[in-house]
Amino acid sequence: MTTTAPPPTAPPVETKTVTRPGDRIFAGLSRGSGIFLLVVMAAIAVFLTVRSVSAISKDHGNFLTTFEWNASLNPPVFGIAVLAYGTVVSSVIAMVIAVPIAVGIALFVTHYAPRRLGGPIAYVIDLLAAVPSIIYGLWGALFLVPHLKGLNLWLDTYFGWTVIFSKQDPNSAARSLFTVGILLAIMILPIITNVSREVIRQVPKMHEEAALALGATRWEVIRLSVLPFARSGIISASMLGLGRALGETMAVATVLSASPQLSAHILDPLGGTFSQNIVAKFGEADEFGRDALIASGLVLFFITLLVNGAARLIIARRKEYSGANA
């Protein structure tokens, strides 16, 4: 019995991928945009560093620990201790207030409110993002500051034992870091809400329907299916809001009563922020004074980079909850 050998198989035909001219142009533009962004960031960092070195080298105080800011003295004495503390504290207050409210609004619009109500609420939130900073500042100085005096006295009465909410002068105006934090929370609320709402809308409906089919309540669906999927997007939205809170200028300068004192009493009109100090001192500063202000801006620049880098690390570590693999 003879067996016939199988016919030889033909070698695989190599197919050449043809790249269209439009794809090449788009890839080149995308790559060029990324490189251009890196060049701009590097140029900003170099400019700030060069202008800062000359000022810091002539500073007769410790740039990191000195409280006062007197770059016009001879010899000059200035530091960022009060500015860094005020910037961080006011931004933390804003985030503690804004993030839960923003996520709650986003969940209400996407999962609880009927369309007739959710649409107008989303529209109003979008309008808040378009209000100029100076308008927020004027509203804060003329409306928020007078109406927060009662809240400050209430916090001092019932929570003064925490030191944080104790008020040294009960009759002082509410031009404090606490007021600035509330105003910043209102300003960053639209940013966090809009981004969180869009991220929550991207949650696959199959996840929610599967949870409902297993007998989960609406809150359990949100807690087990929606929030884990949207967690990285909510973190990104929060970092966008924090970036605005760290660099907000006119609204803070209009509301805050700046003082070169560092205090844990956030209800007292003390302290300052980087942006507020720059806008207050830039107009009357000479060339050396502007270099000193640029040095403080360099510190704010690095703080912003560190915050965004930390956010990227958080998102990367919790990639399994980001929904990227869903």
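**Exercise 1. The nonpolar core**

Of the 66 residues in the largest nonpolar core, which touch the most other members?

*Solution.* The model is a predicted one, and in it the residues of this core that touch the most other members are Trp69, Phe78, Phe178, Leu183, Leu184, Ile188 and Ile192. The next step is to ask which elements supply the core: two or more residues each come from helices H2 (81-112), H3 (115-129), H4 (133-147), H6 (177-201), H8 (218-247), H9 (250-255) and H11 (287-317). Among the contributions, that of H2 is the largest share, with 13 residues. Another core, of five residues, lies apart from this one and includes Leu48, Ile294, Leu298 and Phe301.

**Exercise 2. The course of H2**

Compare the span of H2 with the expected value, and locate its kink.

*Solution.* H2 has 32 residues, for which 46 Å would be expected at 1.5 Å a residue, and the distance from its first C-alpha to its last is 45 Å, close to that expectation. Along this helix there is nevertheless a kink of about 25° at Ala98, shortly before the proline Pro100. Ala98 also appears among the contacts of Ile192, which, leaving aside neighbours within four places in sequence, touches Ala98, Val99, Ala102, Ala237, Ser238 and Gly241.

**Exercise 3. The two sides of H3**

Which residues of H3 are buried, and which exposed residues are carried by the face turned away from them?

*Solution.* Begin with the length: the 15 residues of H3 should span 21 Å at 1.5 Å a residue, and this agrees with the 21 Å between its end C-alpha atoms. The buried residues of the helix are Gly118, Ala122 and Ile125. Seen down the axis of H3, its buried residues fall within an arc of 60°, so they line one face of the helix. The cover over these buried residues includes H2 and H6, whereas the face turned away from the buried side carries the exposed residues Arg116 and Tyr123.

**Exercise 4. Val199 in its setting**

Is Val199 buried, exposed or partly exposed, and with which residues beyond four places in sequence is it in contact?

*Solution.* Val199 lies in helix H6. Its relative accessible area is 21%, and because buried means under 20% and exposed over 50%, Val199 counts as partly exposed. Beyond its neighbours within four places in sequence, Val199 is in contact with Ala230 and Gly233.

**Exercise 5. Confidence**

Where does pLDDT stay under 50?

*Solution.* The mean pLDDT of the protein is 84, and 91% of its residues reach 70 or more. The value stays under 50 over residues 321-326, for which the model has nine contacts beyond four places in sequence.

Methods: Residues numbered from 1 in each chain as written. Predicted model: local features only at pLDDT ≥ 70, side-chain atom pairs only at ≥ 80, totals over all residues. Heavy atoms only, no water. Core = buried A, V, L, I, M, F, W, Y, C linked by side-chain atoms within 4.5 Å. Buried < 20%, exposed > 50% of the residue type's maximum accessible area, 1.4 Å probe, protein only. Helix = DSSP H or I, 4+ residues; strand = E, 2+ residues; numbered from the N terminus. Contact = heavy atoms within 4.5 Å. Expected span 1.5 Å × (residues − 1). Bend = angle between axes of the 7 residues up to and from the residue. Arc of directions from axis to C-beta. pLDDT = per-residue confidence, 0-100.
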